[in-house]
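Biologist: I should like to learn how strand pairing, helix packing and a chain contact are read from a model. Could we take them in turn?

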Amino acid sequence: MNFEKVIFGFFITLAATLNFGFFIGDMTRPELHNVYGLGAALVVSLIATVLKFGDRTQLGAVHLATSLVADLQLIAAAVIWTWASYGTPGGMDGNHMSQVISMSAGALMANGVSVVLMVGETLSLRR
Amino acid sequence: MAPASTRGGDHRSAFTNVLYLFLRRMRFPLVLIIVLYTITVVGLSMMPGIDADGNPTPGMGLFLAFYVISYTGTTIGFGELPFPYSTAQRLWMTLSIYLTVLGWSYSVVTVLSLVQEPAFMNALKAGRFARRINQLREPFYLVCGCGETGTLVCHGLDRLGFRFVVVEQNPARLQELRLEDFRSDAPMIVADAAQPGTLISAGLTSPWCRGVMALAVDDETNRAIAVTVRLLAPKVPVLARIGSAEGGNQMGAFGGDMVINPFERFARYLAAAVVAPESYRLREILTGLPGDDWPEEHRPPGGHWVMCGYGRFGHMIREELCGAGLTMTVIDRLHYGEPGVDIQGTGVDAASLRAAGIEHSTGIVTGNANDLKNLAIAITARELKPDLFVVTRQNQNSNAPLFKAFEHDLAMVPSRIVAREFLALITTPLLARFLAAIPNRDEAWCTALIKRLARVNRHRVPEVWSVKLASSQAEALRGALVAGHRLTAGTLLTDPYERAHRTRGVLLMVARGSQVFPLPDHDFQLQRGDELLFAGSEQARRRIDLVATNENVLNYVRGARDGAGGWLWQWLEDRRNARTKAGDGAS
């Protein structure tokens, strides 16, 4: 058992599941989406990115790329959320929420790619 | 590791090595900071606050908490924003301050320790070295190993105005070399030159690499360097110093005469100095460093000689001198009993020297590996017979003052011999062909040439350089030859400022394919593709260069007519030149 692989697998999967938890629910209803869910997804995704720093394999580079995409999308979602909550007169509404959820959906896709890559790598190793 | 196919790729990979190393080591500190920030931000966002009237409010939320922790964690600290805090918030902030400072300082310490680590420093240095080689856009030489010989070679190259790159395995020695004064800033690196990768990153495959000199301590490394160069850069000349005789033979397959055994060289020179002193002297002058003092005249006498020390050097000397028709008595203690050793002893004491027949000898060679022993023998021998011709072997450069104080007749410094030969041969490959032709000539020929050389550079060692007629180095000559003009050796040696005079230079040789014409006279007809070897003062070199590159000057020295003066004339001239060039390019 490779401990490094365990740690990375844990974080990449956790990032995907947390993001999924945040994403699920009606896009236009802010009460269905918790800001802490988004925060947790962002933090875990950042950690997964850092864990791929300095990996010289081809797959490691792709992992780094996909998790950087997820980070970028989640940060954008967080910025939109903050702006909608504090910077607009009406506060968070369904319109803003759908933008946040779109961003997180994109991140979820990137997370999905990471997980698929990881599973693929594991399967090819078993062969 | 990815194969480095190009030099650019190699230098990039050295840089990415450093980057990857850095990122890999920063993983844990970065994750730690992210985790600490998460804990503190989430905690602070949920801590109940208090408003201006003292009423409890819900937490400040994730964004504001992140804002507060960001300025606290980086120790900027604006105070309690946006509202004064409640006790619960202050408690949590206290914890947060310590946690974030801990995380940051750990990261900083990690970065510092990484920067100080030798492996990281080496990676960084290798990257910088490769980048500098990559940026080198002028001819340079690769010097592998910078012991005494290497240092001498570097100084020689520096004086001749060439760039060089140094590869040395011993960091202490490289440090010493860094302290030496060089006009150019030479890239130097601590690395094993026997590794092909090292030579490639040092610029072996660069189009600007003009030659490699293998001067490492052990023969094995030098042999490896020679093989690497032969295979990776077949056009780059390589000179290797090989101490042992067998090594020399093995090298033959790779580089022919490009191997120098200092002992064998000196022995041969000494024999040559006895048999043909003038040709020896000529060789000394031509391989000397330009601008040095004119070498002293040595005339080792024939007759009976005494040799102290019968190691590799002793064997060579005995072989060569006996071959030259001299008789010799060998004194040695360690090798006594071997064929060739006549007297058991060191030579330091008068008794063993007397036993060797010092009274009726004409010369003595002190050939031990120990400098003080050599000097002791020399002094004893001098006392016994004041008119003895004394040849000393000096091993360490640091003992030079001692040898200078002793009035010896000939000092053999192996490192200097190798350095001079290497320099002369690698900077002027044509010179090797000329030197090879010398032994076929008689003494009178050599004497005459020495006299001419002494005249051209006012009793200083002359510069020796070559000019290739078909190259861009001699634009005007090429043009004239293409146009079918008659060019003689005398044309080139005419003073470009006053054509009635001659430039103070000597045309040593013209090489035409595999043919050589030593010392051609002034009517010698030059052809396309000829390579000329000149010797003369620096001034002469400039003047000959001027004739070779400037068409107007060439016309003037040919006596055709004066160069174009007015602008209209110049314009016509330029058009004609352009046409000539175009014709040249097409042909």
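Modeller: Let us begin with pairing: two strands count as paired if DSSP finds at least two bridges between them. The model is predicted. In chain B, β14(B) and strand β17 (residues 531–536) pair in the antiparallel sense over six bridges.

Biologist: Which residue in β17(B) stands opposite B:E463?

Modeller: The residue opposite B:E463 is B:G536.

Biologist: What is the strand order of the open sheet of four strands in chain B?

Modeller: The order is β14-β17-β15-β16, and the pairing is antiparallel. At the edges lie β14 (463–468) and β16 (515–518) of chain B, each of which pairs on one side only. From one strand to the next, the twist averages 20°.

Biologist: Which helix lies across β14, β15, β16 and β17 of chain B?

Modeller: Helix α17 of chain B, residues 429–437, lies across these four strands. Its course is at about 95° to β15(B), the strand of residues 505–512.

Biologist: How is the open sheet of five strands in chain B ordered?

Modeller: Its order is β10-β9-β11-β12-β13, with parallel pairing. The edge strands, pairing on one side only, are β10 (327–331) and β13 (410–412) of chain B. The twist here averages 15° from one strand to the next.

Biologist: How many bridges join β9 of chain B to β10(B)?

Modeller: Five bridges join strand β9 (residues 304–308) to β10(B), and the two run parallel. Among the residues involved, B:C308 has B:I331 in β10(B) as its bridge partner.

Biologist: Which strands does helix α12 of chain B touch, and at what angle does its direction stand to that of β10(B)?

Modeller: Helix α12 (residues 312–323) packs on the sheet and touches β9, β10, β11 (363–366) and β12 (389–393) of chain B. Its direction makes about 165° with that of β10(B). Helix α14 (residues 371–384) of chain B also packs on the sheet, where it touches β9, β11 and β12 of chain B. The direction of α14 makes about 175° with that of β12(B).

Biologist: How should one read the contact between the chains?

Modeller: The size of an interface is often given as the accessible area lost when the parts come together. Here one may count residues: the contact takes twelve from chain B and twelve from chain A.

Biologist: Which element of chain B gives the most to the side that touches chain A?

Modeller: That element is α1(B), with ten residues. Both α1 (7–46) and α2 (62–73) of chain B supply at least two residues each to this side. By class, the side of chain B that touches chain A has nine nonpolar, one polar and two charged residues.

Technical notes
Residues are numbered from 1 along each chain as its sequence is written. Chains are lettered from A and ligands numbered from 1 in the order in which they are written. This is a predicted model: local features need pLDDT of at least 70, side-chain atom pairs count only at pLDDT 80 or more; totals for chains, interfaces and linings use all residues. Axes are lines fitted to C-alpha atoms, for helices over the stretch in contact, and angles run from 0 to 180 degrees between N-to-C directions. Two residues are in contact if their C-beta atoms, placed from the backbone, lie within 7 Å. Ala, Val, Leu, Ile, Met, Phe, Trp, Tyr, Cys and Pro count as nonpolar, Asp, Glu, Lys and Arg as charged, and the others, Gly among them, as polar.
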